Amino acid sequence: IKDKEWWKETVIYQVYPRSFKDSNGDGVGDLPGLISKLDYIQSLGVGLVWLNPIYASPNDDNGYDISNYEAISPIFGTISDFNTLLAGLHARGIKLVMDLVVNHTSDEHPWFVESRKSRDNQYRDYYHWWPAEKGKPPHRYSFFDKKGEAWQYDAATDSYYLHYFSNKQPDLNWENPKVRQEIYQMMKFWLDKGIDGYRLDAISYISKDTTWPVLTKKELVEKYDNDWSYFYARGPKLHEYLHEMNQEVLSKYPNMVTIAETPGIEKEDALKFVHDDRKELHMLYHFKGMGLGYSKEGFKRPDPKGYSLPEFKKLYTEWNDVFAKEGWGTIYLGNHDQPRMLSRWGNDAPEFRVPSSKLLMTFLLTMRSTPIFYNGDELGMANIKFESIQDYRDIETLYMFHYLQAQNEDVDQFIKDQQYGARDNSRTPFQWNATPCAGFSTCDPWIRVNADHVYINQEAQDADGNSPLNYFRHLVQLRKDHLELIYGDYHLYDADHKQVYTYTRTLEKTATLVILNFSNDLVQYLIPKTLHKKEFQLISNNETSLQQEGHELALLPWQALIFKLK
Ligand code: ISL
C-alpha cells in the first residue's frame, strides 16, 4: 500500500457540543458534559473527534461567529476544561480536530469593532469595505440575510461591508497579509496546545475578486448553476493562500490533518486542494451529494420523486474516481448543516428505521474515503420535523422564513419543506436515555428534544445486541480488520439497478463485496455474473436472516450484506 496515513484509516466522529451533554443544567451542552461521555465515544471505536466551534461568540450562528479565537466560550466552559478534554481524548487514543472559521469573524470581534470605527483605522483593511460615495456595491448574495444582500450599510463610516453569511459575520479580507499572519499565529496557538488538526469552515470562499465584477442573473444561471456558492468558491488567490497556510503552519506539524469544507467546488477542483504535490490540505468534503433529492423550486424543498439510486451511485462512484489514484476523500451523509441522514437517505418509519440506519452506516464504512459520522447517527436519530417557526433556533431557517415572507412566498410550504431539510433537525439534543430531557440536561434544553427519544436512545441501544449502536461498533471494527475496506479499489456493479447498490473493494488478492438494498421492498437479486466463480463468505449482515439460493438473494428491505470473496 502506498501513501498510508493514519487519517485515511480513521473514522471521524463529529460532536456538536451545544447538543451533546449538559453538565450544569443550563440547557446547553458543555465541555464537562462532553468529558463525562468520553468513555462512550471510545466505545464506538472512532479515532478522531471533530468538535464544532467552542470559542467566544455572541452565537448568532451557533459559534460560527467568533469574537475571540483564543478563548473558550463561557457557555461551554474554561480553558482548563478544554485541556482536560484534550488529555482525556488522547489518553483514549482519540485525536481532536477543531473548527477553524476564518472566512469571517463575528462583528463583535475586536478587529471588526476597530475596523468599522473610521476609514483610517489600522484594522480597516481586515475586512472588505465599499465607500458609499461610489454608489451601491455590485450585488452579492448572503446565505443568511433576510434581504439576501451580502453588503451591509454601516452608517459610522458611510460604507458597506461584505458578509456572505449573516450581517454579524463580516468576511475577513484575505488579501491583507496581516490578516493571514494573524490567522496563522492563531492556528499555532491551538496546535501548540496539542490539537491534531482543523476542519476548515467554508474555506473555498476565502479569496475574493476584489475588482468586484458585476455578476448578472444570466451569468449566475449559466455559469454558476444559479448557485452563489459556485461563484464564491473559486476566488483568484484561493490556492495561493492555502499553499501559504501549508508552508507557514501545516508543514510544521507533520502529524496533523486538515479537513476542508468546500462548498461550491466541482470534481475538477478537488485535487487542487488535496494533491500531495501541491502542499495545500489533506482531505475535503464536497456538497454534491447533499443536493440530490431536492427540487429546483423552493428552498431545500424535497423533490416529490425523491432521489434515484442510479444517480446516487453515479455521483459517489465519480467522486471515488477523483481520488482513486491521488489525493484522498471523505464521505458523509449528514452533519450539523444537514438533516438527519436516516430521514434523508434511509427511512425513519418505525418498520424501516433500524435496518435503514444500519445500511447507511454500512455504506459509509465500506467506501474508499474517510467516513465522517455526525453524533447521534450511530443511534439512528431522526429528524424532529418541527411544525412551527417558533420551535426553530437556526439562523438559516429564521432568515429564510423572513426573506420568503417579504417576497410574499408561501411560508406554510416552507415550514413543510424544513421538516425535511432544516439544519435544526440534526441539532436536537443527543438522546442518552428515555427520561424527559433524554439524559441530555436536567432542564429545558435550548432546542426541543425529539419525542422519539423514549425508544431511540443510547441506554436502550447499549443493552440491545441488534441495535444500530452495536452494529456501528461492529462495523467500525470490521473496517479496521479489513484493510481492503480502507485502501482497496472500488468497483461498481449493476450501475442501473434502481434498488440495489453493489460494489467490491479489492486489495491485492483480497476482495470484499457489499450489497445494499436501498429500498422498502423485498428484492430478488442475482449476484453479478462476473463474480459467480467466487466463493462467498458472509462477514456482516444488518438483519437476522439471509435467504440465499446459489447466486440468488432475497434481500429484505434495507438489508446490507458484506461478503468476503475467495
Ligand atoms: O449556506 C450554504 C449554501 O446555502 C453553504 O454552501 C455554506 O456555505 C456552507 O454550508 C458553510 O457552512 C459552514 O459555515 C457557515 C455555518 O453556518 C455552518 O454551520 C458551517 O458548517 C457559516 O460559518
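**View 1. Separation of domain 2 and domain 3 in the predicted model.** In this predicted model, the centres of domain 2 and domain 3, taken over C-alpha atoms, are separated by 56 Å. Domain 2 covers residues 110–162 and domain 3 covers residues 489–565. Domain 1 is assigned two segments, 6–105 and 177–472.

**View 2. The open sheet of 8 strands.** The strand order is 11-10-9-5-2-1-13-12, and the pairing is parallel. Strand 11 (283–285) and strand 12 (330–331) are the edge strands; each has a single partner strand, so one side of each has no neighbour in the sheet. Helix 13 (residues 350–366) packs on this sheet and touches strand 12 and strand 13 (370–374). The direction of helix 13 makes about 145 degrees with that of strand 13. Within the sheet, strand 1 (residues 12–15) pairs with strand 2 (residues 48–51) in the parallel sense, over 4 bridges. Y13 has V49 of strand 2 as its bridge partner.

**View 3. Surroundings of the ligand.** There are 17 residues around the ligand, and D61, H104, D201, H336 and D337 come nearest. For D61, a polar side-chain atom lies 2.6 Å from an oxygen atom of the ligand. The side chain of Y205 has an N or O atom 3.1 Å from an oxygen atom of the ligand. An N or O atom in the side chain of E261 is likewise 3.1 Å from an oxygen atom of the ligand.

**View 4. N246 in helix 9.** Helix 9 spans residues 238–248 and contains N246. Is N246 buried or exposed? The relative accessible area of N246 is 9%, which is under the 20% limit, so this residue counts as buried. Leaving aside residues up to four places away in sequence, N246 touches S251, K279 and E280.

**View 5. The open sheet of 5 strands.** Here the strands follow the order 14-15-16-21-18, with antiparallel pairing. The edges are formed by strand 14 (489–493) and strand 18 (536–541); each has a single partner strand, so one side of each is left without a neighbour in the sheet. From one strand to the next, the twist averages 25 degrees. Strand 14 and strand 15 (residues 500–507) run antiparallel and are joined by 5 bridges. H491 has T504 in strand 15 as its bridge partner.

**View 6. Helices against the sheet of 5 strands.** Helix 11 (residues 309–322) packs on the sheet, where it touches strand 14 and strand 15. The direction of helix 11 makes about 20 degrees with that of strand 15. Helix 17 (residues 468–481) lies across strand 18 and strand 21 (560–565). Relative to strand 18, helix 17 runs at about 135 degrees.

**View 7. Side chains along strand 17.** In a regular strand the side chains alternate between the two faces of the sheet. Strand 17 (residues 523–526) shows this alternation. Which of its side chains are buried? V523 and Y525, which point to one face, are buried, whereas Q524 and L526 point to the other face and are not. Strand 17 and strand 20 (residues 552–555) run antiparallel, joined by 4 bridges. Y525 stands opposite L553 of strand 20.

Conventions: Residues are numbered from 1 along each chain as its sequence is written. This is a predicted model: local features need pLDDT of at least 70, side-chain atom pairs count only at pLDDT 80 or more; totals for chains, interfaces and linings use all residues. Side-chain values use heavy atoms; hydrogens and water are left out. Two strands pair if DSSP finds at least two bridges between them. Helices (H or I, at least four residues) and strands (E, at least two) are DSSP runs, numbered from the N terminus. Contact means heavy atoms within 4.5 Å. Axes are lines fitted to C-alpha atoms, for helices over the stretch in contact, and angles run from 0 to 180 degrees between N-to-C directions. Domain bounds come from an automatic or database domain assignment. Buried means under 20% relative accessible area, exposed over 50%, partly exposed in between (1.4 Å probe, protein chains only). A residue is near a molecule or strand if one of its heavy atoms lies within 4 Å of it. A polar contact is a pair of N or O atoms within 3.5 Å; within protein, one must be able to donate a hydrogen and the other to accept it, and residues adjacent in sequence count only if both atoms are side-chain atoms.
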